[in-house]
Amino acid sequence: MKNIYIIGVGLIGGSLAIDIKKNNPEAIIHGISRKQATLDEALSLNLIDKKATLDDIENADLVIISIPVDATVKLLPSILDKISDSGLVVDAGSTKVDICKVVENHPKRRNFLAMHPIAGTEHSGPSAAIPNLFIGKTNIVCEVEKTTFKLQEKALKLFGDIGMRIRYMNPEAHDKHIAYMSHLSHISSFMLGKTVIEKEKNERDIFDMAGSGFASTVRLAKSSPEMWTPIFKQNKENVIETLKEYIDNLNQFKELMEKDDFEEVYNEMKNTNHIKQILNGIA
Ligand code: NAP
């Protein structure tokens, strides 16, 4: 895979560019973005070797699409129209149902692999790109059987080489599980941040009193709304279901406190301490 085109050279696209280039120094990484300033930044940070445009896609051995998921749904069919017969297109989007659906009947569907690297930070844009982001992380691949075997093999080798473990899932299962494992924690963090900002109008007090517990719990509230709004829109039903369960749990906890049932408050927390064993398994 010599000519690699990355559409969206932000946190994920840029971090992929760094690790792929490290393992494949002969590869030429071409960057494509909406804004020239973003491409200039990616070039100056050495994330990409060259600037390119969508018209160059026919020369690509591999195209990685790492832009917000609504933009991916719009752009993906036209990228597949342009890709050569031996070229591969992958996307890194955090939702999978709508992305897989938009190309289900595309004549070049076999040149596309849908994936979601479960790795990231709360930062965005080219300056957020970091090396080794994907080591030991899971890459969820959807509908692998719809991609030609040869291209599957190439992709799985490339992503295996940068340290990722592959997990296969259908798009519906992916979107359902990821609503619990990722989308809910982002909403929870955004709304915790909102609650504290509204209550503590004096930012100086927040700064002085915020312990590391608060900082780590609201870390995700720094994430980009431009990226997250389309994720919540595409995965609306699953996210609403998780929110209902979460709100029920919050209400139940509040009721226990109102009833002075602190034995049950203790039990609720004790039972949830089990999360330690679960997280140790994935740390
Ligand atoms: P990011 O750092 O914000 O980078 C996205 C890039 O896409 C930006 O540099 C931006 O470039 C471009 N972009 C923004 N809006 C666009 C639009 N409407 N049309 C075309 N280009 C647009 O985001 P990211 O975190 O790398 O996320 C990229 C993809 O990876 C998303 O699909 C996301 O769901 C997925 N993902 C994210 C994470 C995570 O933790 N962040 C983890 C796994 C997967 P310009 O400045 O030129 O507009």
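This note sets out points on backbone geometry, salt bridges and one pocket in a predicted model.

1. Asparagine 46 merits attention for its backbone. Its phi is positive, at about 65°, although asparagine 46 is not a glycine. Most residues other than glycine have a negative phi. The residue sits in the loop that runs between helix H2 (36-44) and strand E3 (50-51). With a relative accessibility of 66%, asparagine 46 counts as exposed.

2. Aspartate 260 also has a positive phi, of about 60°, and is not a glycine. Its place is the loop between helix H10 (236-258) and helix H11 (262-272). The relative accessible area of aspartate 260 is 58%, and the cut-off for exposed is over 50%, so this residue is classed as exposed.

3. On charged pairs, a search of the whole structure yields 13 salt bridges. Side chains of opposite charge can pair when their charged atoms come close. Three of these pairs are described in the points below, followed by a network.

4. Lysine 222 pairs with glutamate 122 in a salt bridge whose closest N and O atoms are 3.5 Å apart. Lysine 222 belongs to the loop between helix H8 (212-217) and helix H9 (225-234), and glutamate 122 to the loop between strand E6 (112-117) and strand E7 (138-142), so the salt bridge ties together parts that are 100 residues apart in sequence. The two partners fall into separate accessibility classes: lysine 222 is exposed, at 55% relative accessible area, whereas glutamate 122, at 9%, counts as buried. The class of glutamate 122 follows because buried means under 20% relative accessible area.

5. Within helix H5 (residues 149-161), lysine 157 and aspartate 161 are four residues apart, which means that about one helical turn separates them. Their side chains meet in a salt bridge with an N to O distance of 2.6 Å. Lysine 157 is exposed, with a relative accessible area of 53%. Aspartate 161 counts as partly exposed, at 39% relative accessibility.

6. A pair with the same spacing of four residues is found in helix H10, where lysine 254 and glutamate 258 are also separated by about one helical turn. The salt bridge between the side chains of lysine 254 and glutamate 258 has an N to O distance of 3.6 Å. Lysine 254 is partly exposed, with a relative accessible area of 43%, while glutamate 258 is exposed, at 56%. Elsewhere, Arg109, Glu143 and Lys146 are joined into one network by salt bridges that share partners.

7. The final point concerns the second largest pocket. Rolling a probe the size of a water molecule over the atoms shows where empty space is left. The second largest pocket holds about 250 Å³ of space. Its lining is made up of 13 residues, and those nearest its centre are Gly193, Ile197, Phe214, Val218 and Ala221. Helix H6 (171-199) and H8 are the elements that give two or more residues to this lining, and H6 supplies the largest share, five residues. By residue class, the lining of the second largest pocket comprises nine nonpolar residues, one polar residue and three charged residues.

Terms used: Residues are numbered from 1 along each chain as its sequence is written. This is a predicted model: local features need pLDDT of at least 70, side-chain atom pairs count only at pLDDT 80 or more; totals for chains, interfaces and linings use all residues. Side-chain values use heavy atoms; hydrogens and water are left out. Buried means under 20% relative accessible area, exposed over 50%, partly exposed in between (1.4 Å probe, protein chains only). A salt bridge is a side-chain nitrogen of Lys or Arg within 4 Å of a carboxyl oxygen of Asp or Glu. On a 1 Å grid over the protein atoms alone, a cavity is a set of points where a 1.4 Å probe fits but cannot get out, and a pocket is an open set with protein on both sides within 12 Å along at least five of seven lines; lining residues have an atom within 4 Å of a point. Grid points are joined across faces, edges and corners, and a volume is the space filled by probe spheres set on the points. Ala, Val, Leu, Ile, Met, Phe, Trp, Tyr, Cys and Pro count as nonpolar, Asp, Glu, Lys and Arg as charged, and the others, Gly among them, as polar.
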